[in-house]
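Here are some exercises to work through with the model open beside you. Try each task before reading its solution.

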Amino acid sequence: MRWLPETSDRPRTAATFQVLEEFQLLSLVSKLSAYDFYSALARRSDNTGLQPPKVCSPFLLYVCG
């Protein structure tokens, strides 16, 4: 399914390879930071700002950073 789990023993969080490839392309072309990429994903899911994500995913920042 091309998912990268946070941990191998008890995966709760995962990122798809499609998201990781998208981040790689954007970071190489436009020098986008992992935090900015996460913020863009959050806006894509709710651009009103009424229900922002509680925290920035440390897993995504670790994998992308």
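**Exercise 1. State how much surface the protein chain exposes and what share carbon and sulfur atoms supply.**

Solution. The exposed area is about 5400 Å², and carbon and sulfur atoms supply 57% of it; accessible areas come from the Shrake-Rupley method with a 1.4 Å probe, with only the protein chains shown counting as cover for residues. Next, burial: of the 65 residues in the protein chain, 18% are buried (under 20% relative accessible area, 1.4 Å probe, protein chains only).

A word on the source: this is a predicted model, where local features need pLDDT of at least 70, side-chain atom pairs count only at pLDDT 80 or more, and totals for chains, interfaces and linings use all residues. Residues are numbered from 1 along each chain as its sequence is written, and side-chain values use heavy atoms, leaving out hydrogens and water.

**Exercise 2. List the elements of the protein chain in order from the N terminus.**

Solution. Start by counting: the chain has 3 helices and 2 strands (DSSP runs: helices H or I, at least four residues; strands E, at least two). Then read along from the N terminus, which gives β-β-α-α-α.

**Exercise 3. Describe how α1 and α2 cross.**

Solution. First, take the axes of α1 (residues 17-30) and α2 (residues 34-45): they come within 11 Å and cross at roughly 125° (lines fitted to C-alpha atoms over the stretch in contact, with angles from 0 to 180 degrees between N-to-C directions). Therefore α1 is oblique to α2 (not under 35 degrees, over 145, or 65 to 115). Finally, find the contact (heavy atoms within 4.5 Å): V19, E22, F23 and L26 of α1 meet A34, F37 and L41 of α2.

Technical notes
Buried means under 20% relative accessible area, exposed over 50%, partly exposed in between (1.4 Å probe, protein chains only).
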